[in-house]
Amino acid sequence: MKTTSAQIGAVVSNQREIAWRSPLASLLVAALAVFLVARASLVFSQQPATAQAPQSTSIPDVECVIGLETFKPNTKGTLSLLPTGLEFATGKNKADITTASIQDIFTGEESRQDVSGTAGTVAKLAIPYGGGRIVSLFSHGVELLTVDYVDSNGGLHGAIFVLPPGKATELRNQLIAQGANVTTHVQPPEAKEQKP
């Protein structure tokens, strides 16, 4: 009896069909289906990503000009924005201003001389032919952040911080986002030139 390749192909496909119908193969397909359904339900049931609490922002070398009871005037330290408000800290000492206690926030830009104080004045005087005046011309921009707040006894205070350019406005906006009280400040109109 001669077998043809068509008959062999039919026998092989018949064996595959029989193998497919075996209980082990059915169990394997069912397990795969359960796994895929479980995986899909996990993916579709996940909650959307929620906004996480903002990381604390720390700005080093900030000068507290005045306004914090535990610090002397013109103390340098680190000003940090925390989820609860502002914190000014030096080595061992720190002061907190909570967001709820803030009554108003002001920002402004200033120009500051690089050479100042008693040593700066002496250095300017030591430069011959009036060269000290030229040294006074070198200045850099800084921003001021003034925070009016109420202490735990109900006393009104104002703290003034000197920050690098752009940082005061950024801190002000973040404090407003936390819920700090801020009044709308009216900017005075620019002076117009008068023609004679």
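**Exercise 1. Backbone angles at Asp-61 and Asn-74**

Locate Asp-61 in this predicted model, and state whether Asp-61 is buried or exposed.

*Solution.* Step 1: Asp-61 belongs to strand E1. Step 2: its phi is near 55°, a positive value in a residue other than glycine. Step 3: the relative accessibility of Asp-61 is 60%; exposed residues are those over 50%, so Asp-61 counts as exposed. Step 4: a second non-glycine residue with positive phi is Asn-74, at about 60°. Asn-74 sits in the loop between E1 and E2, and with a relative accessible area of 47% this residue is partly exposed.

**Exercise 2. The environment of Thr-75**

Determine which backbone atom the side chain of Thr-75 reaches, and which residues Thr-75 touches beyond four places away in sequence.

*Solution.* Step 1: Thr-75 lies in strand E2, which covers residues 75-82. Step 2: the relative accessible area of Thr-75 is 17%; the limit for buried is under 20%, and therefore Thr-75 is buried. Step 3: the side chain of Thr-75 reaches the backbone oxygen of Lys-72 at 2.5 Å. Step 4: leaving aside residues up to four places away in sequence, the residues in contact with Thr-75 are Val-62, Glu-63, Cys-64, Phe-88 and Thr-90.

**Exercise 3. Charged side chains**

State how many salt bridges the whole structure holds, and describe what Glu-143 has nearby in place of one.

*Solution.* Step 1: a search of the whole structure yields 1 salt bridge. Step 2: the side chains of Lys-94 and Glu-87 form a salt bridge, with an N to O distance of 3.5 Å. Side chains of opposite charge can pair when their charged atoms come close. Step 3: Glu-87 is buried, at 15% relative accessible area.

Step 4: Glu-143, in strand E6 (residues 139-150), is also buried, yet has no salt bridge. The nearest side chain of opposite charge is that of Lys-167, 9.5 Å away, whereas the cut-off for a salt bridge is 4 Å. Step 5: the side chain of Glu-143 instead reaches the backbone nitrogen of Ala-168 at 2.9 Å, and one of its polar atoms lies 3.3 Å from the backbone nitrogen of Gly-166. Step 6: Gly-166 is in the loop between E7 and H5 and is partly exposed, with a relative accessible area of 37%. Gly-166 and Glu-143 are 23 residues apart in sequence, and their C-alpha atoms are 7.0 Å apart in space. Step 7: residues touched by Glu-143 include Gly-108, Glu-109, Phe-161 and Pro-165.

**Exercise 4. Core and overall fold**

Identify which residues touch the most other members of the largest nonpolar core, and give the order of helices and strands along the protein chain.

*Solution.* Step 1: the largest nonpolar core has 23 residues, and Leu-68, Leu-79, Leu-145 and Phe-161 touch the most other members. Step 2: elements giving two or more residues to this core include strand E1, strand E5 (102-113), strand E7 (156-163) and helix H5 (167-178). Step 3: the contacts of Leu-145 include Leu-79, Ile-105, Phe-161, Ala-168 and Leu-171. In soluble globular proteins, nonpolar side chains tend to be buried together.

Step 4: the protein chain has 5 helices and 7 strands, in the order α-α-β-β-β-β-β-α-α-β-β-α. Step 5: 22% of its 196 residues count as buried. Step 6: of the contacts between residues at least 6 apart in sequence, 55% join residues at least 24 apart. Step 7: the accessible surface is about 14700 Å², with 60% belonging to carbon and sulfur atoms.

Methods. Residues are numbered from 1 along each chain as its sequence is written. This is a predicted model: local features need pLDDT of at least 70, side-chain atom pairs count only at pLDDT 80 or more; totals for chains, interfaces and linings use all residues. Side-chain values use heavy atoms; hydrogens and water are left out. Helices (H or I, at least four residues) and strands (E, at least two) are DSSP runs, numbered from the N terminus. Buried means under 20% relative accessible area, exposed over 50%, partly exposed in between (1.4 Å probe, protein chains only). Contact means heavy atoms within 4.5 Å. Accessible areas come from the Shrake-Rupley method with a 1.4 Å probe; for residues, only the protein chains shown count as cover. A polar contact is a pair of N or O atoms within 3.5 Å; within protein, one must be able to donate a hydrogen and the other to accept it, and residues adjacent in sequence count only if both atoms are side-chain atoms. Lys and Arg count as positive and Asp and Glu as negative; His and the chain ends are not counted. A nonpolar core is a set of buried Ala, Val, Leu, Ile, Met, Phe, Trp, Tyr and Cys residues joined through side-chain atoms within 4.5 Å.
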